[in-house]
Structure formats: C-alpha cells, structure tokens
Amino acid sequence: MRKYTLPLFFALLAPALACGAPSPKLVIPSFSGLAQKATESVTITLDPALLGMAARFLDSNDPQDAATKEVLKGLQGIYVRSYTFDKDSAYQQADIDAVRSQLAAPGWNRLVETRSRKTRADVDIYIMVDNNQAIGLALIASEPRQFTIVNIVGAIDLDKLHKLEGQFGVPKLDIDTAKPAPAPRKQ
Amino acid sequence: MSNEIESRMRAALRPVAPSDEFSQRLLTQVALPRAPQPKPRRSGVGGLHPLAWWLTASLAASVILAVGVHQHLQQQRLQQSGLEARREVVEALRLTSQKLNLAYEAVKSQSRSLTDEQSGA
C-alpha cells in the first residue's frame, strides 16, 4: 500500500498544479448588456483552427499579408471585444475590472500604463512571459465612449509586431524584447 | 357401319413410300449450306433493356453530379470561412495597432512635456 502512496500523491497533485498555472488566455465576459447599448461592437474570437485557416488565405506575395502571416506564426488565439457608444460613461468601470483583476495574477506583467487627461484615454498593456518569450498579451483601452479589450495568446514575437508598423499603423513602441519585463504591479 | 368407315379411313391413310423425285429433292436441300441465321437483336448496352440502361446511366450521372455539387459547396463554404477569418485577423490587428498607437502617443506626449520641463528648469 505504501509503495502506491507517492505516485498517487503526484497523480493528484499534477492536475492541481495545472489548474494553478497562469494561463495567457483571459476569461472575457460576454458583455451582452453593453453590446445592446453600443452603437458599434466588435467581437472577434479566433482560435488556433481559425487562425490557421486565416493564414492560408493570406497572400505571401503581398507585403502586408506576408507581415501578418509572420505575426500569426506561433499564435494560438486572438480575442477582441470593442464597444463604441454615442454618449460618455455608457459603461461602468466594473465591466472592465472583471478582466483587469485577472491580470493581477502571477505571470502577467504590466508593460505600459498610460493615463491621458487630454483625451481621457487609459491604455494598459500587459504581457505574460515564459522563458524569455512572450506567451500572452493583454490590452485594455478605455476611452469616454469606447472600450477595447484585446487578448493575444501564443508565442508573440514583438519584433514581428514591429514589422507591421506602417501597415496597420502599428507604432514603433520602445519595447526592448531582450530585457526582462517589469515586475507586476498589483491593482 | 362404323367398321366400314374405319376400313375406308385405313385405306385412305395407308403409309405410302415417297417418290424418288421427292427423296432426291429432300437430299439436295439437306446437302446445301445453311444460310446464316439472323442473330437475335440486342436491345441495349450489355444486353440490358433500354429503359434499365437509361435508368442506370441517369442514376450514375445524378450521383456524380450530387458529389460534384457537394464538393463545390463545401469548397465555397471553406473559402468563405477562410476569408471571414482573414478579415477578422486584419480587423483584430488593426484595432490592436490603433490602441497601441494611443498608448504610444500618450507616452510620447508625456516624455515631451518632461523634456520641456527639464529644458525650462
């Protein structure tokens, strides 16, 4: 009986550890109430199968498509929720906090935090790093009449994302991918 | 009475040997080569009845057509899904880049005001 105790212990421990491991995929609420109030809403859910399918329809001879294809390599999912309203404060901060609280979990590091009084736009960019490789990216942008949540899952190559600059209007962020990400700042 | 009739009939139907001329003609006919017999006409391909043949051909054509149409529709659906996924990827990256730009502009204006403050001091 004793010889089975140790394997049994590890067998029970493994799923518990797996459950505890941070996942770069966020649980994004349905925001069904907001979708009804919004004048424009964007809901994009791209799992690995759909990403693979999209990649097949990107033309390698086209520079923009080729750059997009490079970015998609290694990605396991792209999830976007964006709502635009016709008046200010149409959404509650609590709506976003459900997502923001997940980013306080270990593994997530805040890369950029901007608060603009002029445009009243707040943008938070989080990144999850594993073995010096970004495996997840989360972006929360809240403006008076719009809020957007982006969650990219998979091996994100920030250099490749840089290459999209000028094609999708991706700006050149001063992100040094070689440096370790800053320590997480709890909310 | 009946015996008379019977004997008259027997006399009338008595076996008569054929004449030499008749035997000669018969033997000549038997010795002649036979004309080829006309073959029975086949009605359809492979000996099938024309209706059965047309039914089989129509069925086969229908099956081929159905498979072709199904494959074409499946290909079309796949292409539509692929194009839709591609559109979503482009839209997702466009939105991401737009928000990254927002952050970049905020960082840039912040660093510019810091530089202005430092140069003013």
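In the predicted model, 30 residues of chain A are in contact with 24 residues of chain B. The side of chain A that touches chain B draws on both helices and strands: β1 (40–46), α3 (48–56), α4 (63–72), β2, β3 (108–116), β4 (121–130), β5 and β6 of chain A each supply at least two residues. The largest share comes from α3(A), which provides four residues. By residue class, this side of chain A consists of 23 nonpolar residues, six polar residues and one charged residue.

The strands that contribute to this side of chain A, namely β1, β2, β3, β4, β5 and β6, also appear together in a sheet. The sheet is open, has six strands, and follows the order β1-β2-β6-β5-β4-β3 in chain A. Its pairing is antiparallel. Strands β1 and β3 of chain A form the edges, as each of them pairs on one side only. On average, neighbouring strands of the sheet are turned by 10 degrees against each other, with direction ignored.

Helix α3(A) is placed against one part of this arrangement. The helix lies across β1 and β2 of chain A, and runs at about 95 degrees to β2(A). Helix α3(A) is thus described twice here: by its position across β1 and β2 of chain A, and by the four residues that it gives to the side of chain A touching chain B.

Within the sheet, strand β6(A) stands between β2 and β5 in the strand order. Strand β6 of chain A covers residues 146–154 and is mostly covered, with eight of its nine residues buried. On one hand, β6(A) is joined to strand β2 (residues 75–84) of chain A by nine bridges, and the two strands run antiparallel. In this pairing, A:T84 of chain A stands opposite A:Q146 in β6(A).

On the other hand, β6(A) pairs with strand β5 (residues 133–143) of chain A, again in the antiparallel sense, over eight bridges. Strands β5(A) and β6(A) form a hairpin, and two residues lie between them. Two opposed positions can be named for this pair. A:E143 stands opposite A:Q146 in β6(A), while A:S142 stands opposite A:F147 in β6(A). A:Q146 therefore has a listed partner in each pairing, as A:T84 and A:E143 both stand opposite A:Q146 in β6(A).

Terms used:
Residues numbered from 1 in each chain as written. Chains lettered and ligands numbered in written order. Predicted model: local features only at pLDDT ≥ 70, side-chain atom pairs only at ≥ 80, totals over all residues. Buried ≥ 20, exposed ≤ 12 C-beta atoms within 10 Å, placed from the backbone. Pairing = 2+ DSSP bridges. Contact = placed C-beta atoms within 7 Å. Nonpolar A, V, L, I, M, F, W, Y, C, P; charged D, E, K, R; others polar. Axes fitted to C-alpha atoms, helices over the stretch in contact; angles between N-to-C directions.
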